[in-house]
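The exercises below are to be worked with the coordinates open beside the text. Each one sets a task and is followed by a solution that goes step by step.

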Amino acid sequence: MTTQTLPEVAVVPTGKPPRRRRVVIVLVLLLLLVVTAAAIRARSPEQKADIREGTTLVSAAGMAARYGIDVNLIGVTAAGGLIEIRYQVVDPDRADPVIHDADLTPIIVVEDTGVTLVLRSAHHHKRELQLGGTYFFLIANAHNAIHPGSLVTLVIGDARLEHVVAQG
């Protein structure tokens with residue numbers, strides 16, 4: 001009997017993992033995608049706590065006593081693109097930090113939607129405030145959030161003035 005030698009067969013991988021392994025890889029990638037999306041969503045601005053929480057409700061007279069300003073107007077201006085906060089100084093010493101301290105930057109919250117508008121640029125009042133002087137802040141009306149007649153809350157520092165009707 002003669003013995004024949006069979007040729008050696010080399011096993012060459014095709015580069016494709018078995019079907020079951022592919023399914024596991026796809027599921028792991030999908031899970032990572034979902035976790036990443038959830039993490040991004042958790043950090044998004046819509047998830048921030050309500051700025052009004054932790055503040056004290058004050059009347060217009062209370063805001064004037066606390067921060068030295070009497071808010072005369074919150075109005076929609078510049079074809080709806082800006083919100084004007086107009087105020088009169090009743091105590092220059094108390095009003096000065098509102099103008100120059102970034103922690104006291106006025107914030108407006110639309111009461112029915114919770115949309116928050118913040119003054120993003122530097123304060124524009126560089127001179128000394130005068131008793132009885134009338135000044136203003138301009139805030140971008142992002143996404144046309146405030147319309148004439150909207151009820152808004154003005155937050156300054158740790159105080160809030162609620163139910164202010166935006167003028168047109």
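**Exercise 1.** Which backbone oxygen lies 2.6 Å from a polar atom of the side chain of Arg160? Place Arg160 in its strand and decide whether Arg160 is buried or exposed.

*Solution.* Since the model is a predicted one, the values used here are computed from its atoms. The oxygen sought is that of Thr55, whose backbone lies 2.6 Å, through this atom, from a polar atom of the Arg160 side chain. Next, Arg160 is found in strand β8. Finally, the relative accessible area of Arg160 is 16%, and because buried means under 20%, Arg160 is classed as buried.

**Exercise 2.** Work out how strand β7 is paired with strand β4 and with strand β8, and how far β7 is covered.

*Solution.* Start with β4 (residues 107-110), which runs antiparallel to β7 and is joined to it by four bridges; here Val109 stands opposite Thr153 of β7. Then turn to β8 (residues 159-165), which pairs with β7, again in the antiparallel sense, over five bridges, with Leu151 opposite Val165 of β8. The connection between β7 and β8 is a hairpin with two residues between the strands, and Gly157 in the turn has a positive phi of about 60 degrees. As for cover, five of the six residues of β7 (residues 151-156) are buried, so the strand is mostly covered.

**Exercise 3.** Classify the ring pair of Tyr87 and Phe137, and state which parts of the chain the pair ties together.

*Solution.* The count of aromatic pairs comes to two. For the pair in question, the ring centres are 5.3 Å apart and the planes stand at 25 degrees, so the pair is stacked, because planes under 30 degrees apart count as such. Tyr87 belongs to strand β3 (residues 82-89) and Phe137 to strand β6 (residues 134-140), so the pair ties together parts that are 50 residues apart in sequence. Tyr87 is buried, at a relative accessible area of 1%, and Phe137 is buried, also at 1%. Ring pairs link Tyr87 and Phe137 with Tyr135 into a cluster.

**Exercise 4.** Which residues form a nonpolar patch on the surface, and how is Leu30 classed by its relative accessible area?

*Solution.* The patch consists of Val23, Val26, Leu27, Leu30 and Leu33, which together have about 470 Å² of accessible area. Leu30 is placed in helix α1 (residues 19-42), and its relative accessible area of 47% makes Leu30 partly exposed.

Note on methods: Residues are numbered from 1 along each chain as its sequence is written. This is a predicted model: local features need pLDDT of at least 70, side-chain atom pairs count only at pLDDT 80 or more; totals for chains, interfaces and linings use all residues. Side-chain values use heavy atoms; hydrogens and water are left out. Patches are made of residues with over 30% relative accessible area and no salt bridge: like charges are joined within 9 Å, nonpolar side chains (Val, Leu, Ile, Met, Phe, Trp, Tyr) within 5 Å. Accessible areas come from the Shrake-Rupley method with a 1.4 Å probe; for residues, only the protein chains shown count as cover. A salt bridge is a side-chain nitrogen of Lys or Arg within 4 Å of a carboxyl oxygen of Asp or Glu. Buried means under 20% relative accessible area, exposed over 50%, partly exposed in between (1.4 Å probe, protein chains only). Rings of Phe, Tyr and Trp (its six-membered ring) pair if their centres lie within 6.5 Å; planes under 30 degrees apart count as stacked, over 60 as edge-to-face and the rest as tilted. Two strands pair if DSSP finds at least two bridges between them. A polar contact is a pair of N or O atoms within 3.5 Å; within protein, one must be able to donate a hydrogen and the other to accept it, and residues adjacent in sequence count only if both atoms are side-chain atoms.
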